[in-house]
Amino acid sequence: MKTIVIATDFSHAANNATAYGVALAKDIGAEVLLLHVCTPLAASADMIRITSDQEMLNDSRQLLQNQVIRFAGSEVKITARSVLGSASSMIISIAQEVDAAWIIVGMKAKDKSLRKIFGSTAVSLARHMAMPLIIVPENAAYYPLSKIALVNDLEKHSDVHALPPLQALGKDFDAYMFVVKVTPKSSKNYNDPRLLPIRWHLKELHASYEFLNDLDIATAVNNFVADNDIDMVAMVAHQHTLLERIFIHSHIKEMIYHTSVPFAVLPEQPTATNDLTYRYNFNLRVAH
């Protein structure tokens with residue numbers, strides 16, 4: 001059975017993400033691992049420790065158990081785990097350990113400008129992801145997925161290797177898939193050959209292709225979401241060097257802070273196969 005790891009810090013946003021994740025798990029026939037990562041207390045000679053790491057773990061386990069009880073009638077198998085460590089690294093490690101289909105985290109609605117400066121667990125997970133991630137805005141309600149928007153730049157042939165988790169999710173709901181490209185110029189080339197691999201992989205999801213003209217990807221996508229009643233937005237997280245992360249505007253990060261619907265981040269899979277080999281095999285399949 002598939003497993004969804006829901007990471008919580010017991011905030012309102014995390015509680016909302018937990019409710020979303022449990023409802024999603026029920027609809028796709030998955031079980032849930034509810035996870036809380038406690039940050040170890042810094043050891044300092046001049047610091048009076050009010051509580052110990054073990055006491056934090058005990059409190060965390062009680063709060064997790066309260067959540068398990070809260071969703072006892074959901075018909076979803078829910079287990080809980082509380083661990084010490086760095087939030088993002090422990091979440092990824094445990095998700096890999098249980099071979100999670102998705103990781104789900106919440107995103108607070110308040111203080112987003114401050115979080116842009118100091119960062120957040122959601123952004124850290126998206127940046128270092130090796131597992132598919134769903135970020136749930138604090139005020140986003142759960143709806144069975146009927147429309148998904150995949151924002152794609154068409155430049156990365158390896159993107160198709162990141163799509164299987166989204167394909168599986170779309171098939172579970174028989175969802176309609178929009179493949180969206182945002183461009184600053186007026187261009188609607190539906191015959192662009194770079195669409196062929198995506199067309200092939202999404203052929204069972206009633207996919208259509210949309211070209212949006214805007215300089216700001218987040219604004220364009222959010223307008224598209226509102227105009228078309230989109231239930232989820234997805235993007236592939238490409239790997240960047242340190243210099244690229246410094247000098248290139250991060251569209252993933254902007255979407256995390258500005259999305260109004262759950263946002264799926266798919267880790268790039270550049271080593272799945274050689275691009276040229278893939279295109280050669282794809283052409284063979286089309287030819288036959």
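Guide: Let's start with a term: contact here means heavy atoms within 4.5 Å. Keep in mind, too, that this is a predicted model.

Visitor: Fine. Which residues of helix 1 meet which residues of helix 6?

Guide: On the helix 1 side you'll find Leu-24, Asp-27 and Ile-28, and they meet Leu-169, Asp-172 and Phe-173 of helix 6. Sorted by character, the residues of that contact come out as 4 nonpolar, 2 charged and no polar.

Visitor: And at what angle do helix 1 and helix 6 pack?

Guide: Here a cut-off helps: angles of 65 to 115 degrees count as roughly perpendicular. Helix 1 (residues 12-28) and helix 6 (residues 164-173) pack at about 70°, their axes 10 Å apart, so the two are roughly perpendicular to each other.

Visitor: On to burial. Is Ser-88 buried or exposed?

Guide: The cut-off for buried is under 20% relative accessible area. Ser-88 has 14%, so it is buried. Its place is in helix 3, and if you skip residues up to four places away in sequence, Ser-88 touches Ser-124 and Leu-125.

Visitor: What are the other buried residues of helix 3, and what covers them?

Guide: Helix 3 (residues 87-97) buries Ile-91, Ile-92, Ile-94 and Ala-95 along with Ser-88. The cover over its buried residues includes strand 1, strand 2 (31-38), strand 3 (78-84), strand 4 (102-107) and helix 5 (121-127). After helix 3 comes Asp-99, with a positive phi near 55°.

Visitor: How many residues does the largest nonpolar core have?

Guide: That core has 44 residues, and Ile-135, Val-233, Ile-256 and Phe-263 are the ones with the most contacts inside it. Helix 8 (residues 217-228) gives the most to this core, namely 6 residues. Apart from it lies another core, of 42 residues, including Ile-6, Leu-64, Val-179 and Leu-202.

Visitor: What does Val-233 touch?

Guide: Leaving out residues up to four places away in sequence, Val-233 touches Ala-149, Val-151, Val-221, Val-225, Met-255, Val-261, Pro-262, Phe-263 and Ala-264.

Visitor: Last thing: where does pLDDT stay under 50?

Guide: The general idea is that where pLDDT is low, the predicted coordinates should not be read in detail. In this model, pLDDT stays under 50 over residues 114-119, with 9 contacts beyond four places in sequence. It also stays under 50 over residues 271-288, with 15 such contacts. Among the elements, helix 11 (residues 275-287) has the lowest mean pLDDT, 39, and strand 1 (residues 3-7) the highest, 97. For the protein, the mean is 80, and 74% of residues reach 70 or more.

Notes
Residues are numbered from 1 along each chain as its sequence is written. This is a predicted model: local features need pLDDT of at least 70, side-chain atom pairs count only at pLDDT 80 or more; totals for chains, interfaces and linings use all residues. Side-chain values use heavy atoms; hydrogens and water are left out. A nonpolar core is a set of buried Ala, Val, Leu, Ile, Met, Phe, Trp, Tyr and Cys residues joined through side-chain atoms within 4.5 Å. Buried means under 20% relative accessible area, exposed over 50%, partly exposed in between (1.4 Å probe, protein chains only). Helices (H or I, at least four residues) and strands (E, at least two) are DSSP runs, numbered from the N terminus. pLDDT is the predictor's confidence in each residue, from 0 to 100. Axes are lines fitted to C-alpha atoms, for helices over the stretch in contact, and angles run from 0 to 180 degrees between N-to-C directions. Angles under 35 degrees count as roughly parallel, over 145 as roughly antiparallel, 65 to 115 as roughly perpendicular and the rest as oblique. Ala, Val, Leu, Ile, Met, Phe, Trp, Tyr, Cys and Pro count as nonpolar, Asp, Glu, Lys and Arg as charged, and the others, Gly among them, as polar.
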